[in-house]
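Me: I would like to go through the side-chain contacts of this model and ask, term by term, what justifies each label.

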Amino acid sequence: MAGHSLSADLIDQLRISVQARREELVDLTRELIRFPTVNPPGEAYRPCAEFIGRRLARRGFAIEYVRAEGAAGDSERWPRLNVIARRESGSPGPCVHFNGHIDVVQTGAGWTVEPFAGTVREGKLFGRGACDMKGGLAAAIVAVEALIDSGAPLPGTLEISGTVDEESGGYGGVHYLAERGFFSPPRVDHVIIPEPLNVDRVCIGHRGVWWAEIETHGRIAHGSMPFLGDCAVRHMNAVLDRFESELRPKLAARETDMPVVPSGARHSTLNINSIHGGLAELRDGALPSPCVPDSCRMVIDRRWLIEEDLEGVKGEVRDLLNQLVRERAGFRYSLRDIFEVRPVMSDRNGPVARAAAAAIRRVLGREPEFICSPGTYDQKHIDRVGRLRDCIAYGPGILDVAHQPDEYVVIDDLVASAQVMTLAAAALLSGCA
């Protein structure tokens, strides 16, 4: 039904309506920022979810709270509470769902403003989560409210969810809900996730990720006689040396056809997330004891491309380790999977991508850029678990300032993204996309 388009009158009405809500949008973003929903441990999830639920209930949404009981981190003190708001028009039609995560990362050092105050300065709104992604969630809420208030006779259903734990993999949020049918047809047809990937970009997917822990094993001995032991840290150094000399050049030579940004992320990458060996880190003036370390553990973060195969990704690390077993005296290791996500990429010509792109052209007057994210976000669960392919990320915010001190979102971008989202939702509901 993509043969017709939204009327010029409705387009103008929706854009003007969102523009008139500029201060309301800023205030809503500030209110969301003031909930210190830091993950871990998962602070303030309940009050933030209930705040969203109360607001949307006033617009006629049916509100459901779903706690991810049994999910990692869930407890009576830190409940993994998600809110899902659903508003049916009464006329048959598709369901358009806006999904935003409410959790934020820790603040860290280096702030010049209070992280949870929502400070406004020089056209920017500062605070932890302003960019990633409470600004995007607020823009989606205002976009949907403007659409409802327009009175346009649009069929179908609107949904908005505020979900948790995206920053730690999404297993207490979108993954848990997707397993229970909240992100599967026929309940939902189109999903927009307002992640901060720049206001003129449509993100259609992301690279894959494999996290694993490598442990090298040795034998403890007195540090004055290391020849009587076997140093696990030295064995780990051999692993690092092979990574540098053999694996990294292979990864750098691989390049994807996915439109991943920035350009360096179009290659396979490997990050050493952490290394721990021997004694625990010394604190408070403590002195070390003289021991040869019998264990060293390294966590690797391997980002892989849609052209690669997960078993191959794991296999080349395993082969390198087995090569060391054969060649290095005393080398022993353990390899433990921690986390894995396959790459996803939706159709740039699918309804939701087309609708967002058309809305960007109308609002910003320029061609959108179709991109893929270097890191994963909750599309992985919607695609792989919910089996819903028509999903994109689109929202305000500059990805580079996410998780940084003095994180911010440009207020003009908040407004523009809300205009894009309301036009995209109208087009999808009316069959114009």
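**Contacts and their criteria**

Reply: Glu76 is exposed, because its relative accessible area is 68% and the classes are buried under 20%, exposed over 50% and partly exposed in between, taken with a 1.4 Å probe on protein chains only. This is a predicted model, in which local features need pLDDT of at least 70 and side-chain atom pairs count only at pLDDT 80 or more, while totals for chains, interfaces and linings use all residues. Residues are numbered from 1 along each chain as its sequence is written, and side-chain values use heavy atoms, with hydrogens and water left out.

Me: What makes the contact of Arg67 with Glu76 a salt bridge?

Reply: The closest N and O atoms of Arg67 and Glu76 are 3.0 Å apart, and a salt bridge requires a side-chain nitrogen of Lys or Arg within 4 Å of a carboxyl oxygen of Asp or Glu, so the criterion is met. By this rule the structure has 31 salt bridges.

Me: Why is the pair of Tyr171 and Phe339 called edge-to-face?

Reply: Rings of Phe, Tyr and Trp (its six-membered ring) pair if their centres lie within 6.5 Å, with planes under 30 degrees apart counted as stacked, over 60 as edge-to-face and the rest as tilted. The ring centres of Tyr171 and Phe339 are 5.8 Å apart and the planes stand at 85°, so this pair is edge-to-face. Tyr171 lies in the loop between β6 (157-163) and α5 (174-179), and Phe339 lies in strand β12 (residues 332-341), 168 residues apart; strands here are DSSP runs (E, at least two residues) and helices are runs of H or I with at least four, numbered from the N terminus.

Me: Why is the pair of Phe331 and Tyr333 tilted?

Reply: With centres 6.2 Å apart and planes at 40°, the rings of Phe331 and Tyr333 form a tilted pair, because that angle belongs to neither of the other two classes. Phe331 is buried at a relative accessible area of 4%, whereas Tyr333, at 21%, counts as partly exposed.

Me: How do you know that Glu308 and Arg254 tie together separate parts of the chain?

Reply: Their salt bridge has its closest N and O atoms 2.7 Å apart. Glu308 lies in the loop between β11 (295-304) and α7 (310-327) and Arg254 in the loop between α6 (232-252) and β10 (269-277), so the pair ties together parts that are 54 residues apart in sequence. Glu308 is buried, with a relative accessible area of 16%, while Arg254, at 26%, is partly exposed.
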